[in-house]
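Student: I would like to go through this structure with you and ask, for each term we use, what justifies it.
Tutor: Gladly; let us look at it together and set each value against its definition.

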Amino acid sequence: MQTRRGDEPRTLPPEPALRVILRRLREIMAEPGGEQSRLDKIVRQISGLMVAEVCSIYLKRQDGSLELFATEGLKKEAVHNTRLKRGEGLVGRCAELAVPINEPDAQQHPAFSYRPETGEEIYHSMLAVPILRSGTVLGVLAVQNRTRREYSDEDVEVLLTTAMVVAEHIVSGAVAGAGAAAELSRSLASVVHGEPISEGIALGHVVLHEPRVVVTKLLAEDIDVELERLEAAMHKLRASLDEMMGIESLAQAGDHREVLEAYRMFANDRGWMRRLEAAVREGLTAEAAVERVQNTTRTRMLRQNDPYWRERLRDLDDLSDRLLRILAGRTTAAREGLELPNDTILVARTMGPAELLDYDRSKLRGLVIEEGSGQSHVAIVARALGLAAVGQARGIVERVATGDPMIVDAETGDVHLRPSSDVVAAYSDKVRFRARRQRQYQALRDVPAITKDGIRISLHINAGLLVDIPHLAESGAEGIGLFRTELQFMISSTFPRRDKQAETYRQIMDGAQGKPVVFRSLDIGGDKILPYIKHPKEENPALGWRAIRMSLDRPGLFRTQVQALIRAAAGRELSIMIPMVSVVSEIEAAKMLISREVEQLEKRGVPRPSKLRIGAMIEVPSLLYELDALMPHVDFVSVGSNDLLQFLFAADRSNAHVGHRYDPLSVSALRALRHVVRTGAVHGVPVTLCGEMAGRPLEAMALIGLGFRTISMAPASIGPVKTMILSLNADKLAGHLEELLQTQSGSIRSHLQEFARAEGVELS
Ligand code: PEP
Ligand code: MG
């Protein structure tokens with residue numbers, strides 16, 4: 001490696017080679033002249049400074065081939081004539097794998113592709129590095145020597161950084177034709193498969209939730225200033241991770257915690273900081289140093305076969321993006337007030353529920369995240385907003401750019417990136433079909449849900465956020481059968497104070513415009529953990545300290561919520577439902593606490609609710625055998641079939657291996673539900689059901705056959721369920737179902753499907 005010292009005093013240490021190259025490249029870029037002459041000067045300089053006989057720049061064209069754009073050492077006639085097909089030769093391989101290729105005897109390599117027009121037969125060794133820009137390969141920078149030489153690690157580093165500067169030169173538009181090809185890898189159609197987390201289909205355009213930072217200033221003006229900026233940004237990054245860890249360690253166990261721990265480990269890794277500082281000392285800005293080191297990480301990531309380490313390197317990659325955003329002072333697309341297209345599909349690695357609510361929802365169509373399950377809080381909000389959303393879409397952030405067309409199919413979990421016109425046409429048909437369906441449902445909005453034989457069924461919606469309230473009027477539902485109050489708590493980063501809670505409940509009651517709302521008291525614990533409440537680690541959280549158990553052990557929380565509800569009701573009717581009741585004494589205790597609050601508040605001038613209804617959720621099988629004792633204590637009961645069935649079948653509702661193993665339309669489950677309906681009738685206590693099964697037309701049909709006359713479901717299910725009801729003869733079904741429950745065992749789904757078919761019951 002040769003360094004140039006010029007007129008500098010002899011006492012100074014030699015200037016690092018990279019600094020010399022960077023300085024020379026800066027000078028070249030500032031010089032007047034055409035683009036080709038600049039590229040020619042660049043290759044000449046690099047070959048001289050790296051003591052290489054050849055230095056060439058190949059750039060990627062639209063079709064993925066690599067064209068020789070400039071060379072020092074190869075025959076000049078080859079420039080713009082030599083083209084390597086995608087993946088062809090060592091240079092093509094370098095571009096394809098996005099990794100440096102260091103070959104002392106390139107011609108002996110099986111992948112070597114000989115091009116006589118270049119005259120390269122006399123050169124044996126080759127070092128080729130990808131020209132990368134924000135993770136996209138733009139081309140290849142290669143040096144060659146006659147001798148069989150293995151280039152040193154330092155050579156590789158120097159050439160990689162040089163390639164970054166060349167990339168900057170290319171994307172700044174200096175090289176005609178190459179800029180257009182630059183985004184090639186982000187311009188091909190492809191499909192990423194994930195998990196649907198909120199049903200629907202969306203056609204639209206990508207907005208990256210965390211906009212990609214494009215580093216435009218590569219060369220440092222003042223190295224000390226850049227080192228300080230780097231240090232300050234790193235400090236901020238660490239502080240933000242500590243803060244997230246403080247919250248999230250309580251909020252989420254498992255995978256997410258592991259990722260955060262990996263982040264923290266990397267953020268405190270001296271090696272990473274040393275590499276970043278070294279890159280700055282060589283003459284890069286802090287941003288360029290981060291990107292430079294990130295490119296090496298990406299290279300290692302691509303080569304890594306071990307899935308665990310590949311994931312960890314992805315974490316480091318993500319962390320580098322965060323650091324870049326801190327340096328560039330960027331936040332999220334919503335916070336930056338970016339103009340959103342009217343068909344925005346948000347794409348993010350992770351996203352919190354509050355962040356999703358930051359966006360103008362009238363512009364949103366879909367959401368795609370790399371992490372996140374159907375149980376995640378952001379999924380809850382996505383469902384409330386009616387977005388088509390897919391989670392577990394691994395690697396999607398790297399593969400898209402803001403503005404890309406995208407289709408989210410949250411029925412299958414497929415995410416189509418830059419879809420072809422055929423795919424767009426097929427999905428447009430699908431969307432039109434769904435829209436037609438939707439219009440049919442809307443037409444039923446004000447039609448009462450009455451069966452063909454004249455039985456009226458009361459349909460209610462489940463809700464949990466203020467954004468759900470418009471669904472009440474849109475769906476034509478009679479009320480809110482389940483308001484999951486914990487959702488408001490889950491999307492908040494601190495405990496909502498009593499006044500804030502009261503304000504939310506008041507807005508909900510006002511928004512319901514006189515329609516009944518059943519507020520469920522806090523159902524936290526299990527998978528619903530609040531970041532700001534200390535929760536012991538539990539082996540079996542579903543069977544653990546949750547819901548009413550927690551409320552009775554920590555009555556302060558419960559009382560605050562009850563006070564907020566009474567104040568919000570301000571003399572109107574109030575319905576409170578208690579989750580996870582396992583024994584009758586729990587409902588007695590809850591009622592006692594509630595009536596005490598009513599008395600106390602009345603003394604302070606807060607009016608009593610005109611009517612106070614207190615109900616129990618039937619979610620724990622033990623209660624099935626104590627229903628006669630329970631009924632006299634409650635004004636209504638509501639079956640939480642999601643939990644009841646998970647406990648009945650001992651099958652975790654969120655575990656994909658067992659969650660769908662047992663059919664809710666099984667004789668055992670249906671007999672249990674029938675028992676609740678019958679006991680309610682004996683005691684004159686209204687019985688409803690508010691689990692997910694109420695929203696599936698066939699299941700809802702079975703519930704009506706069992707005698708349920710009120711059910712509560714997701715707003716989008718009201719239309720399909722009402723359609724089913726309007727075409728059903730409930731009495732005929734009841735007789736048939738009774739017979740099935742006496743004669744069959746296991747699932748009776750196929751029998752019920754057959755009944756629906758024979759009777760013309762519409763199941764959409
Ligand atoms: C249920 O368990 O069926 C229910 C409605 O409550 P959640 O889904 O909120 O647990
Ligand atoms: Mg439940």
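Student: What makes the pair formed by a polar side-chain atom of Arg520 and an oxygen atom of ligand 1 a polar contact?
Tutor: In this predicted model, the two atoms lie 2.7 Å apart, and a pair of N or O atoms counts as a polar contact within 3.5 Å, so the pair of Arg520 and ligand 1 qualifies. By the cut-off of 3.5 Å, the side chain of Glu619 also qualifies, with an N or O atom 2.8 Å from an oxygen atom of ligand 1, and so does Ser641, through a polar backbone atom at 3.1 Å.

Student: How do you know how much of ligand 1 the protein buries?
Tutor: Ligand 1 taken alone exposes 290 Å², and the protein buries 99% of that area. Strand 16 (480-484) and helix 23 (641-648) are the elements that each give two or more residues to the surrounding shell, and helix 23 gives the most, with three.

Student: Why are strand 7 and strand 8 called edge strands of the open sheet?
Tutor: The sheet has eight strands in the order 7-14-13-9-10-11-12-8, with mixed pairing. Strand 7 (190-193) and strand 8 (195-198) each have a single partner strand, so one side of each is left without a neighbour in the sheet.

Student: What makes strand 13 and strand 14 a pair?
Tutor: Pairing requires at least two bridges, and strand 13 (residues 405-409) and strand 14 (residues 414-417) have four, in the antiparallel sense, so they are a pair by that definition. Among the residues involved, Asp409 has Asp414 in strand 14 as its bridge partner.

How values were computed: Residues numbered from 1 in each chain as written. Chains lettered and ligands numbered in written order. Predicted model: local features only at pLDDT ≥ 70, side-chain atom pairs only at ≥ 80, totals over all residues. Heavy atoms only, no water. Polar contact = N/O pair within 3.5 Å; in protein donor to acceptor, adjacent residues only side chain to side chain. Areas by Shrake-Rupley, 256 points an atom, 1.4 Å probe, with all protein chains shown as cover.
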